[in-house]
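Open the model in your viewer and keep the selection tool at hand. The stops below go from a pocket to a sheet and then to the surface.

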Amino acid sequence: MPPSGAPRRAAHGAARVPRPAAPSLAAARPAAGRWLLRGKDGRLTAYALAPGAVLRWTETRPGGPEWSGPDVFPLPGADNLAVAQGGDGYAHLVARCSRPGPEGGAEVDLAHATQFQSGRPLVAWRRVDNPHEEPELAARLGVPTAAVGADGALHVFVRNAGGGVFALRQGAAGEWAQWEDIRGWRVLGVMAAVATGAGRVELLAPAETSVLRWCQPTPRGAFARAEDVPAVPHDGSAVALETGPDRLTYYWSDAERGGLVAHRPGEGTFALGGTPGGGPLSVVRAEVDGHDCTVLAHRGADGRPTLGAWVTGAEAGGVWWTATGEGCVGHPALAADAFGRLVLAALGTDGTLRVTRQRPERGLALEAWRRA
């Protein structure tokens, strides 16, 4: 890998957060990756990014259907937001922030905040130093992705200026370690990190000619390169889901053959069909007709949320895709509510949160869409 500047220790302090004007909802977009989470009290929370602020909607009671919000948390310069949740229910928000530098160019760093309980204020944004010291390299820092490991530690990953990957660990007590260069080559913009039920964290990084993987062989272990996957996903489309005990399946939109695919290490790649309109995917396990099913959602070619489901682990049996609702911004989100019902959320073109929920009848029937 060409030199990309040695990573440095991550210093942090209170982020500079002047009071901005009220954000424009019409310019809001969902957080990257998972943006609909269920807290310890059973309530769902949705996260989005608007110019100068993070937006948050929260169910008023477990299972809904009413929501409060959007609550506004100012964060000037934020251009990308990732959200990760640990077994303790805490939500970690990590944003990439860019602002004009004093001598031209851009100053880029990360900001981190934690939400300990559903509907409660965020702990104050704290600044996390860019791993690059050189301004021209620092400005090329990629967008973050994050996951929480077995010990409650937050793992943050970013593409570095040389096209490799830097990793950063925050301990359960809140202390930051040193940035670590875990290598890689020609990584594209958005990666996907996920923790298994056993607490191991894995990272999937689409690159120019293949998909790169890193994993912790054991919980709390060092990250090691795993076998690459010969595929070319659309940038930002990759997601992962635990489909068996400590076993992940990866999903992405295929840039070469079109359509969606599933990949399970050791078993190969399966075509899922579909006509995705580009952008990320959302995936969750849910019960449908008494069966453990995998449900995947994406923004279809017509701009509407599109849903598909199959018995978990049986992708090869084929998938039926159904569009629902109105056109949305970014990718729709999936989660199970406090009663185990599937919830599908999307951000409307006017910036409003829209939600539909699984109905108690045969098949994957959904209620009418509601504005939160």
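Start by selecting β3 (36–38), β7 (78–85), β11 (144–148), β15 (192–195), β19 (239–244), β23 (276–288) and β27: each of these strands gives at least two residues to the lining of the largest pocket. Bear in mind that this is a predicted model.

Next, colour β23, which supplies 6 residues, the largest share of that lining. In total 49 residues line the largest pocket. To find its centre, select R34, L37, Q85, V194 and A195, the lining residues that lie nearest to it. The space in this pocket comes to about 1400 Å³.

Now move to β27, one of the strands that contribute to the pocket lining. In which sheet order does β27 occur? It belongs to an open sheet of 4 strands, ordered β27-β28-β29-β30, with antiparallel pairing. Select β27 (328–336) and β30 (370–371) to see the edge strands, each of which pairs on one side only. Then add β28 (residues 342–348), which runs antiparallel to β27 and is joined to it by 6 bridges. For one residue pair, pick C328 and look across to G348, its bridge partner in β28.

For the last stop, go to the loop between β9 (106–115) and β10 (126–128) and select F116. Is F116 buried or exposed? F116 counts as partly exposed because its relative accessible area is 43%, which falls between the 20% and 50% cut-offs. Add Y90 and V123 to the selection: together with F116 they make a nonpolar surface patch of about 250 Å².

Terms used: Residues are numbered from 1 along each chain as its sequence is written. This is a predicted model: local features need pLDDT of at least 70, side-chain atom pairs count only at pLDDT 80 or more; totals for chains, interfaces and linings use all residues. Side-chain values use heavy atoms; hydrogens and water are left out. Patches are made of residues with over 30% relative accessible area and no salt bridge: like charges are joined within 9 Å, nonpolar side chains (Val, Leu, Ile, Met, Phe, Trp, Tyr) within 5 Å. Accessible areas come from the Shrake-Rupley method with a 1.4 Å probe; for residues, only the protein chains shown count as cover. A salt bridge is a side-chain nitrogen of Lys or Arg within 4 Å of a carboxyl oxygen of Asp or Glu. Buried means under 20% relative accessible area, exposed over 50%, partly exposed in between (1.4 Å probe, protein chains only). Two strands pair if DSSP finds at least two bridges between them. On a 1 Å grid over the protein atoms alone, a cavity is a set of points where a 1.4 Å probe fits but cannot get out, and a pocket is an open set with protein on both sides within 12 Å along at least five of seven lines; lining residues have an atom within 4 Å of a point. Grid points are joined across faces, edges and corners, and a volume is the space filled by probe spheres set on the points.
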